[in-house]
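Here are my notes on this one, jotted down as numbered points. Have a look at the model first, then read on.

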Amino acid sequence: VTLHDTKSAKLTCCPSRKSDQLPVTGLQFRGEDSREMLYCLASGPIFLQRIEDEANVVDVMSAHEENEINTLDISEFGYYFCTAGKDRNIRIYDWEKFKPFSVLGPLTEGEYIGPPEDTLTQHGKRIFSVKFSDESPYHLVSGGWDNSVKVWDLRTNQVVKSMSTASTQGPKLCGDALAIKGDLCVTGSLLPENAIELWSIKEGRRVAVLPYESPKLRGEYVLVVKFCGDSHVIAGSAPVTTLRSSQYRKRK
């Protein structure tokens, strides 16, 4: 983790632990003034740090999971945050105790190889992105390597919708490639074409495939997506670092 001045782009400090060789896989700022940041490493540590000034960051709390963490998110309603990763569990954390008080998890250990209809209740493979709803404190959406996006109800700890497209390979997430804006959810897949898909959470179905310009020989292979304003999505891809904007809604 490195902090940069937004005006000059100059490096101000490096608060992360350099002793851990595995990468930082998730980071979110907390609070109205964004003076606290929460981040996780692939090896399991989670840190909450406060930014005192441009060059000084202090530890607030920390935790450690026996799991390879791929993603985290903070509820906009301020009640909790969550993590998810290799073991297919989504852990909901309490801010005060900094410990998980609820686990939205699989019915089986390891990679799921059961009947396809049972995947409504769980992810079949590791989770790469999870996002809280920006409209409801009781719902979150998750996606990963199992070609599906799942909507969870925190009041029951159950999946209430499982969204996928039988005619395609997606959504096949391999990064922070899921974003929510009201009823809409956008996903980016590690696929050569049709990688950016727009979904209706309420209807539980795909409503559009968004265009993404990429070299024909390399394919799309999207690793990150974000909503930008009321009409565009920004996406980034690999193996060549590219950033593109795609319109999903016509301006009124």
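1. Let me start with the aromatics. Tyr79, Tyr80, Phe101 and Phe132 are joined into a cluster by ring pairs. Bear in mind that this is a predicted model. Across the whole structure, the search turns up 9 aromatic pairs.

2. One of those pairs is Tyr80 with Phe101. The ring centres are 6.1 Å apart and the planes meet at 45°; a pair counts as tilted when that angle is neither under 30 degrees nor over 60, so this one is tilted. Tyr80 belongs to strand S8 (residues 80–85) and Phe101 to strand S10 (residues 99–104), so the pair links distant parts of the chain, 21 residues apart.

3. Buried or exposed: which applies to Tyr80, and which to Phe101? Tyr80 has a relative accessibility of 12%, and the cut-off for buried is under 20%, so Tyr80 counts as buried. Phe101 comes out at 51%, and exposed means over 50%, so Phe101 is exposed.

4. Staying with S10, what does this strand pair with? Its partner is strand S9 (residues 90–94), in the antiparallel sense, over 5 bridges. If you want a register check, look at Ile92, which stands opposite Ser102 in S10. S9 and S10 make a hairpin with 4 residues between them. Have a look at Phe98 in that turn, where phi is positive, at about 55°.

5. Two rings have a charge over them. The charged end of Arg30 sits over the ring of Trp95, 3.8 Å from the ring centre. Over the face of Trp145 you will find Lys172, at 4.6 Å from the ring centre.

6. Now to the sheet that runs S11-S12-S13-S14. This is an open sheet of 4 strands in that order, with antiparallel pairing. Which strands stand at the edges? They are S11 (127–132) and S14 (158–163); each has a single partner strand, so one side of each has no neighbour in the sheet. From one strand to the next, the twist averages 25°.

7. One last detail on that sheet, at the S14 edge. Strand S13 (residues 149–153) pairs with S14 over 5 bridges, in the antiparallel sense. For the register here, take Val149, whose bridge partner in S14 is Met163.

Definitions and conventions:
Residues are numbered from 1 along each chain as its sequence is written. This is a predicted model: local features need pLDDT of at least 70, side-chain atom pairs count only at pLDDT 80 or more; totals for chains, interfaces and linings use all residues. Side-chain values use heavy atoms; hydrogens and water are left out. Rings of Phe, Tyr and Trp (its six-membered ring) pair if their centres lie within 6.5 Å; planes under 30 degrees apart count as stacked, over 60 as edge-to-face and the rest as tilted. Helices (H or I, at least four residues) and strands (E, at least two) are DSSP runs, numbered from the N terminus. Buried means under 20% relative accessible area, exposed over 50%, partly exposed in between (1.4 Å probe, protein chains only). A charge sits over a ring if NZ of Lys or CZ of Arg is within 6 Å of the ring centre and within 35 degrees of the ring normal. Two strands pair if DSSP finds at least two bridges between them. Axes are lines fitted to C-alpha atoms, for helices over the stretch in contact, and angles run from 0 to 180 degrees between N-to-C directions.
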